Amino acid sequence: MNGYSIWLDLEKESRTNYRNIISTLSRRLNSPLFEPHCTVYGHMKMDLGELKTFISKIILKSNQFSTSAKKIKVGSSYFKSLSIKVDCNPKLQDLNNRCKSRFSLVKKYKFDPHISLAYGLFKTEKIHSVMKNIVIPKHVVFSGLSIVKTGKDVEKWETVFQRKF
């Protein structure tokens, strides 16, 4: 699972809202902290310079955009245990399509647009209990792209390149 992932970065207000939610849930669930994001394409083992060039070109043809938060999803895998499904609007789908056309030979990636709220393995009852009084914003605004070195250890994730729309 080690490699580079391309993340959509949240605009300041959206980032603050989701950071607060992730921080609260991290305390309640004793789970790792991480930056709020939506993975556009993930876990690629390839040259960082090539990724930087690709992101720099995409940024020139993109603008800040928003999408709606659809529903809370509870899953049974560590990295999909608690998340918010976001609407895959045309701008979001276009970004994924550009990545897919460029990187699908390097790495297949199943696109599932969401913003994770917590990583870990939790019982459903526990998730329902910690979600009390958590208000999920109806919309999220994306303001740029990052390349993040990811792996199994969330606390070692590192942003290595970042560009704003």
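Colleague: Which residues meet where α2 packs on α3?
Modeller: This is a predicted model. In it, Glu-50, Leu-51, Phe-54 and Ile-58 of α2 contact Leu-95, Arg-98, Cys-99, Arg-102 and Phe-103 of α3.

Colleague: How do those contact residues divide into nonpolar, polar and charged?
Modeller: Six are nonpolar and three are charged. None is polar.

Colleague: And the geometry? What angle do α2 and α3 pack at?
Modeller: About 145°, with the axes 12 Å apart. Here α2 covers residues 48-60 and α3 covers residues 90-103.

Colleague: Is the crossing left-handed or right-handed?
Modeller: The α2 and α3 crossing is right-handed.

Colleague: Switching to cysteines. How many disulfides?
Modeller: Zero. Cys-88 is in none, and its nearest cysteine sulfur, in Cys-38, is 8.3 Å away.

Colleague: Why is there no bond for Cys-99?
Modeller: Because its sulfur is 11 Å from the closest cysteine sulfur, that of Cys-38, which is too far. A disulfide needs the two sulfurs within 2.5 Å.

Colleague: Cys-99, buried or exposed?
Modeller: Buried, at 2% relative accessibility. Cys-88 is partly exposed, with a relative accessible area of 32%.

Colleague: Now the largest nonpolar core. Which residues touch the most other members?
Modeller: Ile-6, Leu-8, Tyr-18, Leu-25, Phe-103 and Leu-145. The core has 40 residues.

Colleague: Which element gives the most to this core?
Modeller: α2, with five residues. Phe-103, one of those with the most core contacts, is also among the α3 residues that meet α2.

Colleague: What about a second core?
Modeller: There is a separate one of seven residues. Its members include Trp-7, Ile-22, Val-148 and Trp-157.

Conventions:
Residues numbered from 1 in each chain as written. Predicted model: local features only at pLDDT ≥ 70, side-chain atom pairs only at ≥ 80, totals over all residues. Heavy atoms only, no water. Axes fitted to C-alpha atoms, helices over the stretch in contact; angles between N-to-C directions. Helix = DSSP H or I, 4+ residues; strand = E, 2+ residues; numbered from the N terminus. Left-handed = near helix turned anticlockwise from the far one by under 90°. Contact = heavy atoms within 4.5 Å. Nonpolar A, V, L, I, M, F, W, Y, C, P; charged D, E, K, R; others polar. Buried < 20%, exposed > 50% of the residue type's maximum accessible area, 1.4 Å probe, protein only. Core = buried A, V, L, I, M, F, W, Y, C linked by side-chain atoms within 4.5 Å.
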